[in-house]
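I'm opening a fresh page for this one. Below is what I looked up, in the order I got to it.

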Amino acid sequence: MAYLTGVAVTAFGKHPGRGPVDLMEEAALSALADAGLPREAVDGLVSGYATTYPHLMMGTVMAERLAIRPRHAHQAQVGGATGAVGIILARHLIAAGACRHVLVVGGENRLTGQSRDDAVKTLAGVGHPIHEVPLGASIPAYYALVAARYLHETGASEADLAELAVLMRRHAAAHPGAQLAKPITVADVMASKPIATPLKFLDCCPISDGAAAVIVSAEPMGAAAIRLAGWGEAHTHQHVSEMPDDLGLGAKLAAAQAFETAGRSPADMRLLGLYDSFTPTLAIFIEALGYAQLGQAGAAARDGRFSRDGALPLNLHGGLMSYGHPGVAGFLAHVVEMVRQMRGEAGERQVADAPLAYCHADGGVFSSHAGFVLERTA
Amino acid sequence: MSGVMLQSCAACGHSWQFRRATCPACGSPSFGEVEAGGGGTVWSVTTVLRAPLPELDVPGGFGIALVKLDEGPRIMCRTAAGLAIGDRVQVAVEDDGMPRAVRAGSELEDAGSG
Ligand SMILES: [Zn+2]
(Lines give C-alpha, C1' and ligand atoms only; values in the text may rest on other atoms or scores of the structure.)
Protein backbone atom coordinates (compact mmCIF):
# COMPACT_ATOMS: atom_id res chain seq x y z
CA MET A 1 0.00 0.00 0.00
CA ALA A 2 1.20 3.50 -0.81
CA TYR A 3 -0.37 6.77 0.26
CA LEU A 4 0.18 10.39 -0.78
CA THR A 5 0.81 11.88 2.65
CA GLY A 6 2.43 15.25 2.03
CA VAL A 7 2.04 17.76 -0.80
CA ALA A 8 3.29 21.26 -1.51
CA VAL A 9 3.58 23.63 -4.44
CA THR A 10 5.09 27.12 -4.62
CA ALA A 11 3.51 29.91 -6.58
CA PHE A 12 4.48 29.59 -10.26
CA GLY A 13 5.74 32.55 -12.25
CA LYS A 14 8.92 34.47 -11.54
CA HIS A 15 11.25 33.70 -8.64
CA PRO A 16 14.27 35.82 -9.63
CA GLY A 17 17.55 34.99 -7.93
CA ARG A 18 16.43 31.55 -6.78
CA GLY A 19 17.89 28.41 -8.33
CA PRO A 20 16.39 24.95 -8.81
CA VAL A 21 17.79 23.61 -5.54
CA ASP A 22 16.42 26.60 -3.60
CA LEU A 23 12.97 26.15 -5.09
CA MET A 24 12.93 22.37 -4.61
CA GLU A 25 14.11 22.81 -1.00
CA GLU A 26 11.17 25.11 -0.27
CA ALA A 27 8.64 22.67 -1.76
CA ALA A 28 10.22 19.65 -0.03
CA LEU A 29 10.19 21.29 3.40
CA SER A 30 6.59 22.41 2.90
CA ALA A 31 5.54 18.89 1.88
CA LEU A 32 7.23 17.46 4.99
CA ALA A 33 5.36 19.97 7.15
CA ASP A 34 2.13 19.06 5.36
CA ALA A 35 2.70 15.37 6.16
CA GLY A 36 3.80 16.14 9.72
CA LEU A 37 6.99 14.18 9.09
CA PRO A 38 10.48 14.99 10.39
CA ARG A 39 12.91 15.19 7.47
CA GLU A 40 15.00 12.28 8.78
CA ALA A 41 11.95 10.05 8.18
CA VAL A 42 12.52 10.40 4.42
CA ASP A 43 14.34 7.24 3.34
CA GLY A 44 13.76 7.55 -0.40
CA LEU A 45 14.20 10.49 -2.74
CA VAL A 46 13.34 10.87 -6.43
CA SER A 47 14.35 14.25 -7.76
CA GLY A 48 13.59 15.86 -11.08
CA TYR A 49 16.15 17.49 -13.34
CA ALA A 50 16.57 21.17 -14.08
CA THR A 51 17.36 22.58 -17.52
CA THR A 52 18.91 25.61 -15.79
CA TYR A 53 21.23 23.40 -13.71
CA PRO A 54 22.11 20.27 -15.65
CA HIS A 55 23.59 17.89 -13.10
CA LEU A 56 24.39 14.19 -13.06
CA MET A 57 23.22 13.66 -9.47
CA MET A 58 20.36 15.96 -8.55
CA GLY A 59 18.94 13.33 -6.17
CA THR A 60 22.07 13.49 -4.06
CA VAL A 61 22.28 17.27 -4.38
CA MET A 62 18.79 17.47 -2.86
CA ALA A 63 19.56 14.94 -0.13
CA GLU A 64 22.60 17.01 0.87
CA ARG A 65 20.61 20.28 0.82
CA LEU A 66 17.90 18.74 3.00
CA ALA A 67 20.54 17.16 5.27
CA ILE A 68 19.06 13.69 4.92
CA ARG A 69 20.71 10.34 4.19
CA PRO A 70 18.08 8.32 2.30
CA ARG A 71 18.55 4.63 1.51
CA HIS A 72 17.65 5.39 -2.08
CA ALA A 73 18.12 8.61 -4.05
CA HIS A 74 18.32 9.37 -7.75
CA GLN A 75 17.39 11.83 -10.46
CA ALA A 76 14.62 10.76 -12.79
CA GLN A 77 14.31 12.12 -16.33
CA VAL A 78 11.15 11.36 -18.27
CA GLY A 79 10.36 14.89 -19.46
CA GLY A 80 6.90 16.04 -18.44
CA ALA A 81 6.07 12.57 -17.11
CA THR A 82 8.91 12.68 -14.58
CA GLY A 83 6.73 13.54 -11.59
CA ALA A 84 4.16 10.87 -12.45
CA VAL A 85 6.83 8.22 -13.03
CA GLY A 86 8.50 9.33 -9.77
CA ILE A 87 5.28 8.79 -7.80
CA ILE A 88 4.75 5.37 -9.39
CA LEU A 89 8.37 4.48 -8.68
CA ALA A 90 7.92 5.58 -5.07
CA ARG A 91 5.01 3.15 -4.80
CA HIS A 92 7.22 0.36 -6.19
CA LEU A 93 10.02 1.16 -3.71
CA ILE A 94 7.51 0.98 -0.88
CA ALA A 95 5.92 -2.22 -2.20
CA ALA A 96 9.38 -3.79 -2.41
CA GLY A 97 10.01 -2.91 1.22
CA ALA A 98 13.00 -0.73 0.29
CA CYS A 99 11.58 2.54 1.63
CA ARG A 100 8.78 3.85 3.85
CA HIS A 101 8.66 7.56 2.97
CA VAL A 102 9.72 8.66 -0.51
CA LEU A 103 10.07 12.34 -1.40
CA VAL A 104 9.30 13.13 -5.06
CA VAL A 105 10.39 16.68 -5.86
CA GLY A 106 10.84 18.88 -8.91
CA GLY A 107 11.45 22.52 -9.57
CA GLU A 108 13.52 25.03 -11.44
CA ASN A 109 13.88 28.67 -12.48
CA ARG A 110 13.07 27.84 -16.10
CA LEU A 111 11.70 31.34 -16.74
CA THR A 112 14.22 33.68 -15.10
CA GLY A 113 17.26 31.38 -15.04
CA GLN A 114 17.88 31.41 -18.79
CA SER A 115 16.89 33.22 -21.96
CA ARG A 116 13.68 32.14 -23.69
CA ASP A 117 15.78 31.13 -26.72
CA ASP A 118 17.87 28.82 -24.54
CA ALA A 119 14.76 27.28 -23.01
CA VAL A 120 13.17 26.63 -26.42
CA LYS A 121 16.45 25.23 -27.77
CA THR A 122 16.93 22.85 -24.83
CA LEU A 123 13.37 21.56 -25.09
CA ALA A 124 13.65 21.04 -28.86
CA GLY A 125 16.38 18.49 -28.05
CA VAL A 126 13.79 15.80 -27.30
CA GLY A 127 13.61 15.54 -31.09
CA HIS A 128 15.86 13.34 -33.22
CA PRO A 129 19.37 14.83 -33.44
CA ILE A 130 19.80 13.94 -37.14
CA HIS A 131 16.33 13.70 -38.63
CA GLU A 132 14.26 16.28 -36.69
CA VAL A 133 16.19 18.92 -34.71
CA PRO A 134 18.32 20.19 -37.66
CA LEU A 135 15.13 20.88 -39.64
CA GLY A 136 14.25 23.64 -37.18
CA ALA A 137 11.55 21.73 -35.36
CA SER A 138 10.73 22.81 -31.80
CA ILE A 139 8.50 21.41 -29.06
CA PRO A 140 5.58 23.56 -30.29
CA ALA A 141 6.29 22.31 -33.83
CA TYR A 142 6.24 18.65 -32.77
CA TYR A 143 2.94 19.18 -30.94
CA ALA A 144 1.60 21.28 -33.83
CA LEU A 145 2.13 18.32 -36.16
CA VAL A 146 0.11 16.15 -33.80
CA ALA A 147 -2.51 18.91 -33.40
CA ALA A 148 -2.95 19.29 -37.16
CA ARG A 149 -3.34 15.53 -37.49
CA TYR A 150 -5.84 15.48 -34.59
CA LEU A 151 -7.98 18.20 -36.20
CA HIS A 152 -7.83 16.39 -39.56
CA GLU A 153 -8.87 13.02 -38.09
CA THR A 154 -11.58 14.22 -35.72
CA GLY A 155 -13.13 17.18 -37.51
CA ALA A 156 -12.69 19.30 -34.39
CA SER A 157 -11.89 22.99 -34.96
CA GLU A 158 -9.20 25.28 -33.58
CA ALA A 159 -11.99 27.04 -31.67
CA ASP A 160 -12.85 23.73 -30.02
CA LEU A 161 -9.26 23.41 -28.79
CA ALA A 162 -9.38 27.02 -27.57
CA GLU A 163 -12.18 26.07 -25.17
CA LEU A 164 -9.64 24.08 -23.16
CA ALA A 165 -7.32 27.07 -22.78
CA VAL A 166 -10.27 29.20 -21.65
CA LEU A 167 -11.24 26.56 -19.08
CA MET A 168 -7.72 26.34 -17.62
CA ARG A 169 -7.56 30.12 -17.32
CA ARG A 170 -10.92 30.23 -15.55
CA HIS A 171 -9.75 27.63 -13.04
CA ALA A 172 -6.45 29.44 -12.45
CA ALA A 173 -8.31 32.60 -11.49
CA ALA A 174 -9.40 30.86 -8.29
CA HIS A 175 -5.83 29.96 -7.23
CA PRO A 176 -3.59 32.68 -5.75
CA GLY A 177 -0.43 30.85 -6.87
CA ALA A 178 -1.29 30.80 -10.58
CA GLN A 179 1.02 32.52 -13.06
CA LEU A 180 -1.77 33.55 -15.46
CA ALA A 181 -5.11 34.61 -14.01
CA LYS A 182 -6.47 37.22 -16.43
CA PRO A 183 -9.63 35.79 -18.01
CA ILE A 184 -9.48 34.91 -21.71
CA THR A 185 -12.09 34.04 -24.32
CA VAL A 186 -12.10 31.72 -27.32
CA ALA A 187 -11.74 34.84 -29.47
CA ASP A 188 -8.62 35.84 -27.51
CA VAL A 189 -7.08 32.41 -28.13
CA MET A 190 -7.97 32.53 -31.82
CA ALA A 191 -6.48 36.03 -32.16
CA SER A 192 -3.26 35.26 -30.29
CA LYS A 193 -0.11 35.14 -32.41
CA PRO A 194 0.60 31.96 -34.35
CA ILE A 195 3.50 29.87 -33.01
CA ALA A 196 3.35 26.76 -35.22
CA THR A 197 0.08 26.29 -37.06
CA PRO A 198 -2.52 25.37 -35.85
CA LEU A 199 -1.10 26.28 -32.40
CA LYS A 200 -1.35 29.87 -31.28
CA PHE A 201 0.28 31.55 -28.29
CA LEU A 202 -2.66 30.85 -25.97
CA ASP A 203 -2.80 27.18 -27.00
CA CYS A 204 0.63 26.78 -25.35
CA CYS A 205 1.55 26.62 -21.68
CA PRO A 206 3.91 29.31 -20.38
CA ILE A 207 7.48 28.81 -19.15
CA SER A 208 7.66 29.29 -15.38
CA ASP A 209 9.75 29.25 -12.22
CA GLY A 210 8.43 27.12 -9.39
CA ALA A 211 8.62 23.84 -7.50
CA ALA A 212 6.37 21.13 -6.10
CA ALA A 213 6.83 18.07 -3.92
CA VAL A 214 4.84 14.95 -3.04
CA ILE A 215 5.63 12.48 -0.25
CA VAL A 216 4.58 8.87 -0.82
CA SER A 217 4.40 6.74 2.33
CA ALA A 218 3.74 3.14 3.34
CA GLU A 219 0.87 4.24 5.58
CA PRO A 220 -1.51 7.20 5.79
CA MET A 221 -0.39 10.09 8.01
CA GLY A 222 -3.19 12.63 8.38
CA ALA A 223 -6.95 12.59 8.75
CA ALA A 224 -7.57 11.77 5.08
CA ALA A 225 -5.90 8.72 3.54
CA ILE A 226 -5.22 9.18 -0.17
CA ARG A 227 -4.12 5.83 -1.55
CA LEU A 228 -2.28 5.31 -4.82
CA ALA A 229 -4.67 2.60 -5.91
CA GLY A 230 -3.51 1.84 -9.44
CA TRP A 231 -0.69 2.76 -11.78
CA GLY A 232 0.35 2.31 -15.38
CA GLU A 233 3.05 3.39 -17.77
CA ALA A 234 3.53 3.16 -21.53
CA HIS A 235 6.57 4.22 -23.54
CA THR A 236 5.57 3.86 -27.18
CA HIS A 237 8.26 5.89 -29.01
CA GLN A 238 10.51 8.91 -28.45
CA HIS A 239 10.27 10.90 -31.67
CA VAL A 240 7.12 12.20 -33.35
CA SER A 241 8.36 10.66 -36.61
CA GLU A 242 7.85 7.22 -35.03
CA MET A 243 4.70 8.06 -33.05
CA PRO A 244 1.96 5.42 -33.46
CA ASP A 245 -0.79 6.30 -35.95
CA ASP A 246 -3.28 6.14 -33.05
CA LEU A 247 -2.52 9.47 -31.36
CA GLY A 248 -4.04 8.31 -28.06
CA LEU A 249 -2.35 4.89 -27.94
CA GLY A 250 0.17 5.60 -25.16
CA ALA A 251 -2.49 7.20 -22.99
CA LYS A 252 -4.83 4.27 -23.54
CA LEU A 253 -2.16 1.68 -22.66
CA ALA A 254 -1.03 3.43 -19.46
CA ALA A 255 -4.59 4.17 -18.33
CA ALA A 256 -5.75 0.60 -18.96
CA GLN A 257 -3.02 -0.67 -16.63
CA ALA A 258 -3.82 1.97 -14.02
CA PHE A 259 -7.54 1.16 -13.95
CA GLU A 260 -6.87 -2.58 -13.96
CA THR A 261 -4.45 -2.44 -11.02
CA ALA A 262 -6.90 -0.17 -9.16
CA GLY A 263 -9.82 -2.50 -9.86
CA ARG A 264 -11.75 0.56 -11.04
CA SER A 265 -13.16 1.79 -14.32
CA PRO A 266 -12.73 5.21 -15.94
CA ALA A 267 -16.41 5.86 -15.20
CA ASP A 268 -15.71 5.64 -11.44
CA MET A 269 -13.50 8.75 -11.49
CA ARG A 270 -14.86 12.02 -10.06
CA LEU A 271 -11.83 14.27 -10.62
CA LEU A 272 -9.14 14.52 -13.32
CA GLY A 273 -5.58 15.82 -13.31
CA LEU A 274 -4.34 15.67 -16.91
CA TYR A 275 -1.12 17.02 -18.41
CA ASP A 276 -1.96 20.02 -20.57
CA SER A 277 1.22 21.30 -22.22
CA PHE A 278 -0.83 22.35 -25.25
CA THR A 279 -4.57 22.34 -25.90
CA PRO A 280 -4.32 19.28 -28.20
CA THR A 281 -2.47 17.34 -25.47
CA LEU A 282 -5.47 17.76 -23.22
CA ALA A 283 -8.00 17.03 -25.98
CA ILE A 284 -6.24 13.82 -27.02
CA PHE A 285 -5.99 12.61 -23.40
CA ILE A 286 -9.63 13.41 -22.59
CA GLU A 287 -10.77 11.49 -25.67
CA ALA A 288 -8.32 8.57 -25.34
CA LEU A 289 -9.53 8.07 -21.76
CA GLY A 290 -13.13 8.04 -22.96
CA TYR A 291 -14.21 11.22 -21.15
CA ALA A 292 -15.45 12.72 -24.45
CA GLN A 293 -16.23 11.37 -27.90
CA LEU A 294 -13.53 11.72 -30.54
CA GLY A 295 -13.23 15.39 -31.45
CA GLN A 296 -15.64 16.46 -28.70
CA ALA A 297 -13.30 17.42 -25.82
CA GLY A 298 -13.66 21.13 -26.54
CA ALA A 299 -17.42 20.90 -26.88
CA ALA A 300 -17.62 18.98 -23.59
CA ALA A 301 -15.55 21.71 -21.90
CA ARG A 302 -17.85 24.37 -23.34
CA ASP A 303 -20.81 22.45 -21.94
CA GLY A 304 -19.29 22.49 -18.45
CA ARG A 305 -18.35 18.82 -18.04
CA PHE A 306 -14.85 19.68 -16.76
CA SER A 307 -15.77 22.71 -14.64
CA ARG A 308 -15.70 22.73 -10.85
CA ASP A 309 -19.42 21.95 -10.66
CA GLY A 310 -19.39 19.62 -13.68
CA ALA A 311 -19.38 15.82 -13.79
CA LEU A 312 -15.59 15.59 -14.13
CA PRO A 313 -13.73 18.60 -12.73
CA LEU A 314 -10.34 18.91 -14.46
CA ASN A 315 -7.13 20.67 -13.36
CA LEU A 316 -8.86 22.97 -10.89
CA HIS A 317 -5.62 24.87 -10.16
CA GLY A 318 -5.41 25.95 -13.81
CA GLY A 319 -3.05 23.29 -15.17
CA LEU A 320 0.18 23.88 -17.00
CA MET A 321 -1.59 26.30 -19.31
CA SER A 322 -2.43 28.82 -16.60
CA TYR A 323 -1.01 27.76 -13.21
CA GLY A 324 2.28 27.40 -15.09
CA HIS A 325 4.96 24.98 -16.25
CA PRO A 326 8.42 24.92 -14.66
CA GLY A 327 9.29 21.44 -15.99
CA VAL A 328 9.09 18.54 -13.54
CA ALA A 329 7.08 20.58 -11.02
CA GLY A 330 4.41 21.25 -13.66
CA PHE A 331 2.60 17.93 -13.34
CA LEU A 332 3.41 17.61 -9.63
CA ALA A 333 1.25 20.72 -9.18
CA HIS A 334 -1.66 18.77 -10.67
CA VAL A 335 -1.10 16.06 -8.05
CA VAL A 336 -0.92 18.61 -5.23
CA GLU A 337 -4.28 20.03 -6.32
CA MET A 338 -5.83 16.55 -6.57
CA VAL A 339 -4.76 15.64 -3.04
CA ARG A 340 -6.01 18.94 -1.63
CA GLN A 341 -9.35 18.46 -3.38
CA MET A 342 -9.67 14.88 -2.17
CA ARG A 343 -8.87 15.97 1.39
CA GLY A 344 -11.41 18.79 1.20
CA GLU A 345 -8.74 21.48 1.68
CA ALA A 346 -9.16 23.41 -1.58
CA GLY A 347 -11.04 26.40 -0.17
CA GLU A 348 -13.06 28.30 -2.76
CA ARG A 349 -11.93 25.83 -5.45
CA GLN A 350 -13.29 22.87 -3.50
CA VAL A 351 -15.41 20.32 -5.41
CA ALA A 352 -18.42 18.71 -3.77
CA ASP A 353 -16.80 15.32 -3.26
CA ALA A 354 -14.00 13.46 -5.02
CA PRO A 355 -13.21 10.05 -3.55
CA LEU A 356 -11.64 8.78 -6.80
CA ALA A 357 -9.37 10.60 -9.21
CA TYR A 358 -7.22 9.85 -12.25
CA CYS A 359 -3.94 11.63 -13.04
CA HIS A 360 -2.00 11.35 -16.29
CA ALA A 361 1.12 12.91 -17.78
CA ASP A 362 3.21 12.53 -20.90
CA GLY A 363 6.84 13.27 -21.61
CA GLY A 364 8.43 14.02 -24.98
CA VAL A 365 5.83 14.13 -27.77
CA PHE A 366 3.19 11.74 -26.42
CA SER A 367 6.25 9.49 -25.91
CA SER A 368 6.25 8.41 -22.26
CA HIS A 369 2.96 8.04 -20.42
CA ALA A 370 2.32 7.55 -16.73
CA GLY A 371 -1.09 7.48 -15.09
CA PHE A 372 -2.43 6.61 -11.67
CA VAL A 373 -5.68 6.28 -9.77
CA LEU A 374 -6.01 7.98 -6.38
CA GLU A 375 -8.61 6.72 -3.91
CA ARG A 376 -9.62 8.27 -0.61
CA THR A 377 -9.88 5.37 1.84
CA ALA A 378 -10.43 7.27 5.08
CA MET B 1 16.89 9.89 -56.65
CA SER B 2 15.51 11.13 -53.33
CA GLY B 3 18.71 10.91 -51.28
CA VAL B 4 16.56 9.66 -48.38
CA MET B 5 18.22 6.53 -47.02
CA LEU B 6 16.15 3.78 -45.41
CA GLN B 7 16.87 0.40 -43.93
CA SER B 8 14.77 -2.41 -45.34
CA CYS B 9 14.33 -5.85 -43.77
CA ALA B 10 15.27 -8.87 -45.88
CA ALA B 11 13.10 -11.14 -43.75
CA CYS B 12 9.76 -9.28 -43.58
CA GLY B 13 10.07 -6.37 -45.99
CA HIS B 14 9.52 -3.67 -43.34
CA SER B 15 11.33 -0.36 -43.97
CA TRP B 16 12.35 2.35 -41.50
CA GLN B 17 14.39 5.55 -41.31
CA PHE B 18 16.09 5.71 -37.88
CA ARG B 19 19.17 3.45 -37.96
CA ARG B 20 18.97 0.27 -35.89
CA ALA B 21 20.78 -3.05 -35.59
CA THR B 22 17.64 -5.13 -36.05
CA CYS B 23 14.26 -4.81 -37.76
CA PRO B 24 11.76 -3.09 -35.41
CA ALA B 25 8.94 -5.20 -36.85
CA CYS B 26 10.39 -8.72 -36.73
CA GLY B 27 13.77 -8.47 -34.99
CA SER B 28 15.78 -9.79 -37.92
CA PRO B 29 19.37 -8.51 -38.16
CA SER B 30 19.29 -9.05 -41.91
CA PHE B 31 18.50 -5.80 -43.71
CA GLY B 32 19.84 -3.63 -46.48
CA GLU B 33 20.34 0.08 -47.06
CA VAL B 34 18.01 1.37 -49.73
CA GLU B 35 17.26 4.77 -51.18
CA ALA B 36 13.62 5.81 -50.94
CA GLY B 37 11.85 6.55 -54.21
CA GLY B 38 10.75 9.86 -52.70
CA GLY B 39 7.02 9.50 -53.30
CA GLY B 40 4.77 9.92 -50.30
CA THR B 41 1.69 11.44 -48.71
CA VAL B 42 1.52 14.28 -46.18
CA TRP B 43 0.57 12.80 -42.76
CA SER B 44 0.73 16.17 -41.05
CA VAL B 45 2.14 19.63 -41.70
CA THR B 46 2.79 22.85 -39.76
CA THR B 47 4.15 26.29 -40.48
CA VAL B 48 6.68 27.21 -37.78
CA LEU B 49 6.67 30.92 -36.99
CA ARG B 50 9.24 30.67 -34.21
CA ALA B 51 12.37 28.54 -34.75
CA PRO B 52 14.27 27.02 -31.80
CA LEU B 53 17.49 28.63 -33.06
CA PRO B 54 17.65 32.24 -34.31
CA GLU B 55 19.77 31.17 -37.30
CA LEU B 56 16.94 28.89 -38.44
CA ASP B 57 14.34 31.65 -38.34
CA VAL B 58 12.84 32.47 -41.74
CA PRO B 59 10.64 35.56 -42.26
CA GLY B 60 7.08 34.34 -42.64
CA GLY B 61 7.97 31.00 -41.12
CA PHE B 62 8.89 27.68 -42.67
CA GLY B 63 6.99 24.47 -43.22
CA ILE B 64 7.66 21.16 -41.55
CA ALA B 65 5.80 18.07 -42.64
CA LEU B 66 5.64 14.45 -41.62
CA VAL B 67 5.48 12.50 -44.86
CA LYS B 68 4.42 8.87 -45.07
CA LEU B 69 6.74 7.49 -47.73
CA ASP B 70 5.41 4.92 -50.15
CA GLU B 71 7.93 2.45 -48.65
CA GLY B 72 6.18 2.86 -45.24
CA PRO B 73 8.27 5.05 -42.95
CA ARG B 74 6.98 8.43 -41.76
CA ILE B 75 9.78 11.00 -42.06
CA MET B 76 10.16 14.69 -41.22
CA CYS B 77 10.75 17.12 -44.08
CA ARG B 78 10.96 20.83 -44.78
CA THR B 79 8.20 22.12 -47.05
CA ALA B 80 7.03 25.26 -48.77
CA ALA B 81 3.72 26.78 -47.70
CA GLY B 82 0.46 25.47 -49.04
CA LEU B 83 0.65 21.73 -48.44
CA ALA B 84 -2.25 19.96 -46.74
CA ILE B 85 -2.69 16.58 -45.08
CA GLY B 86 -3.30 13.91 -47.70
CA ASP B 87 -1.42 15.74 -50.49
CA ARG B 88 0.86 13.62 -52.66
CA VAL B 89 4.45 14.86 -52.45
CA GLN B 90 7.91 14.12 -53.77
CA VAL B 91 10.76 14.20 -51.22
CA ALA B 92 14.41 14.88 -52.01
CA VAL B 93 17.41 15.72 -49.86
CA GLU B 94 18.77 19.15 -50.82
CA ASP B 95 22.30 20.57 -50.68
CA ASP B 96 21.83 21.66 -47.05
CA GLY B 97 21.21 18.01 -46.12
CA MET B 98 17.53 18.56 -45.32
CA PRO B 99 14.84 16.48 -47.01
CA ARG B 100 12.33 18.75 -48.70
CA ALA B 101 8.79 17.78 -49.71
CA VAL B 102 7.14 19.44 -52.71
CA ARG B 103 3.75 18.79 -54.24
CA ALA B 104 3.99 15.80 -56.58
CA GLY B 105 4.44 16.99 -60.15
CA SER B 106 5.86 20.40 -59.22
CA GLU B 107 9.43 19.07 -59.07
CA LEU B 108 9.13 18.30 -62.79
CA GLU B 109 8.07 21.90 -63.50
CA ASP B 110 11.09 23.10 -61.50
CA ALA B 111 13.38 20.84 -63.53
CA GLY B 112 11.83 22.11 -66.76
CA SER B 113 12.31 25.76 -65.86
CA GLY B 114 15.82 25.22 -64.52
ZN1 LIG C 1 11.62 -7.51 -40.40
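I began with the two domains of chain B in this predicted model. Domain 1 of chain B and domain 2 of chain B bury about 360 Å² between them, and carbon and sulfur atoms account for 64% of that area. I then asked which three residues supply most on the side of domain 1 of chain B. They are Leu6(B), Ser15(B) and Gln17(B), with 88% of the area that domain 1 buries against domain 2, more than any other three residues.

Next I noted where the split falls: domain 1 of chain B runs over 5-35 and domain 2 over 39-110. Taken over C-alpha atoms, their centres are 24 Å apart. For contacts, I find 4 residues of domain 1 of chain B against 5 residues of domain 2 of chain B. I also looked for salt bridges between these two domains, and the count is 0.

While on chain B, I wrote down its make-up. It has 1 helix and 8 strands. Where does the helix sit in the pattern of chain B? Reading along the sequence I get β-β-β-β-β-β-β-β-α, so to speak a helix after the run of strands. The C-alpha trace of chain B spans about 45 × 35 × 25 Å along its principal axes.

Then I turned to how the chains meet. Between chain A and chain B about 2,700 Å² is buried, 61% of it on carbon and sulfur atoms. On the chain A side, Leu135(A), Leu145(A) and Ser241(A) supply 25% of the area buried against chain B, more than any other three residues. In terms of contacts, 33 residues of chain A touch 27 residues of chain B.

How many salt bridges link chain A and chain B? I get 2. I looked up Arg20(B), which forms a salt bridge with Glu242(A), and the closest N and O atoms are 2.6 Å apart.

Over all chains the salt bridge count comes to 23. One that I followed up is inside chain A: the side chains of Arg302(A) and Asp160(A) meet at 3.5 Å, N to O. Arg302(A) belongs to helix H10 (residues 297-302) of chain A and Asp160(A) to helix H6 (residues 158-172) of chain A, so this pair ties together parts that are 142 residues apart in sequence.

Still in chain A, I checked a helix pair. H1 (residues 20-35) and H2 (residues 58-66) of chain A pack at an angle of about 60°, and their axes are 10 Å apart. Is the crossing of H1(A) and H2(A) left-handed or right-handed? I have it as right-handed. The H1(A) residues that meet H2(A) include Val21(A), Met24(A) and Leu29(A), while H2(A) brings Met58(A), Val61(A) and Arg65(A), among others. By type, the residues of this contact are 8 nonpolar, no polar and 3 charged.

Just past that, Ala67(A) caught my eye, as its phi is near 55°, a positive value in a residue other than glycine. Ala67(A) is placed in the loop between H2 and strand E3 (72-75) of chain A.

My last entry is a backbone detail. Thr197(A) and Pro198(A) are joined by a cis peptide bond, with omega about 5°. Pro198(A) is in the loop between strand E5 (194-196) and strand E6 (199-200) of chain A.

How values were computed: Residues numbered from 1 in each chain as written. Chains lettered and ligands numbered in written order. Predicted model: local features only at pLDDT ≥ 70, side-chain atom pairs only at ≥ 80, totals over all residues. Heavy atoms only, no water. Axes fitted to C-alpha atoms, helices over the stretch in contact; angles between N-to-C directions. Helix = DSSP H or I, 4+ residues; strand = E, 2+ residues; numbered from the N terminus. Left-handed = near helix turned anticlockwise from the far one by under 90°. Contact = heavy atoms within 4.5 Å. Nonpolar A, V, L, I, M, F, W, Y, C, P; charged D, E, K, R; others polar. Domains from an automatic or database assignment. Buried area = accessible area lost by both parts, 1.4 Å probe. Salt bridge = Lys/Arg side-chain N within 4 Å of Asp/Glu carboxyl O.
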